[in-house]
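Dear colleague,

I am passing on the structure we spoke of, with the sequence and coordinates placed just below. My notes on what turned up in it follow.

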Amino acid sequence: MELTFVDYLGFSGVSLILLAFFLNLRKMLDTEHLVYILLNLVGAALACLASILMEYLPFVLLEGVWLLVSAAALRRKYRRWRLVD
């Protein structure tokens with residue numbers, strides 16, 4: 001089986017999401033940590049893009065929602081920073 005660019009894109013995205021999950025389970029990153037949020041955001045964006053390119057709608061929905069939730073978490077974090085400054 002030969003991997004394509006879309007495969008590598010999807011693997012990269014899913015790997016970032018799993019890395020965030022693993023680091024959280026190991027108590028190395030809290031879910032409010034910026035790195036955790038960014039790993040999920042970028043990972044979901046890459047996985048969603050790969051799903052769009054593969055035309056696999058169930059995962060477009062899954063990763064699209066994951067992307068929106070991660071973006072909302074980043075926005076909340078940004079708002080908290082602005083309140084502190």
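The largest nonpolar core of this predicted model consists of five residues, namely Ala20, Leu23, Leu29, Tyr36 and Leu39. Two helices, α1 (5-25) and α2 (34-54), each contribute at least two residues to this core. Leaving aside residues up to four places away in sequence, Leu23 is in contact with Leu29 and Leu39, and also with Met28. As general background, nonpolar side chains in soluble globular proteins tend to be buried together.

Since you may wish to look at the pockets, the largest one encloses about 280 Å³ of space. It is lined by 15 residues, and those closest to its centre are Gly10, Val14, Ala47, Phe59 and Glu63. Two or more lining residues come from each of α1, α2 and α3 (57-84), with α1 giving the most, at seven residues. By character, the lining of this pocket comprises eleven nonpolar residues, two polar ones and two charged ones.

Turning to α3, this helix has 28 residues and spans 41 Å from its first C-alpha to its last, which is close to the 40 Å expected at 1.5 Å a residue. Its buried residues are Glu63, Gly64, Ser70, Ala73 and Lys77, and α1 and α2 are among what covers them. Glu63 therefore deserves a careful look in the viewer, being under 20% relative accessible area and thus counted as buried, while also being listed among the residues closest to the centre of the largest pocket.

With best wishes

Notes: Residues numbered from 1 in each chain as written. Predicted model: local features only at pLDDT ≥ 70, side-chain atom pairs only at ≥ 80, totals over all residues. Heavy atoms only, no water. Core = buried A, V, L, I, M, F, W, Y, C linked by side-chain atoms within 4.5 Å. Buried < 20%, exposed > 50% of the residue type's maximum accessible area, 1.4 Å probe, protein only. Helix = DSSP H or I, 4+ residues; strand = E, 2+ residues; numbered from the N terminus. Contact = heavy atoms within 4.5 Å. 1 Å grid on protein atoms, 1.4 Å probe; cavity = no way out; pocket = protein on both sides within 12 Å on 5 of 7 lines; lining within 4 Å. Points joined across faces, edges and corners; volume = space filled by probe spheres on them. Nonpolar A, V, L, I, M, F, W, Y, C, P; charged D, E, K, R; others polar. Expected span 1.5 Å × (residues − 1).
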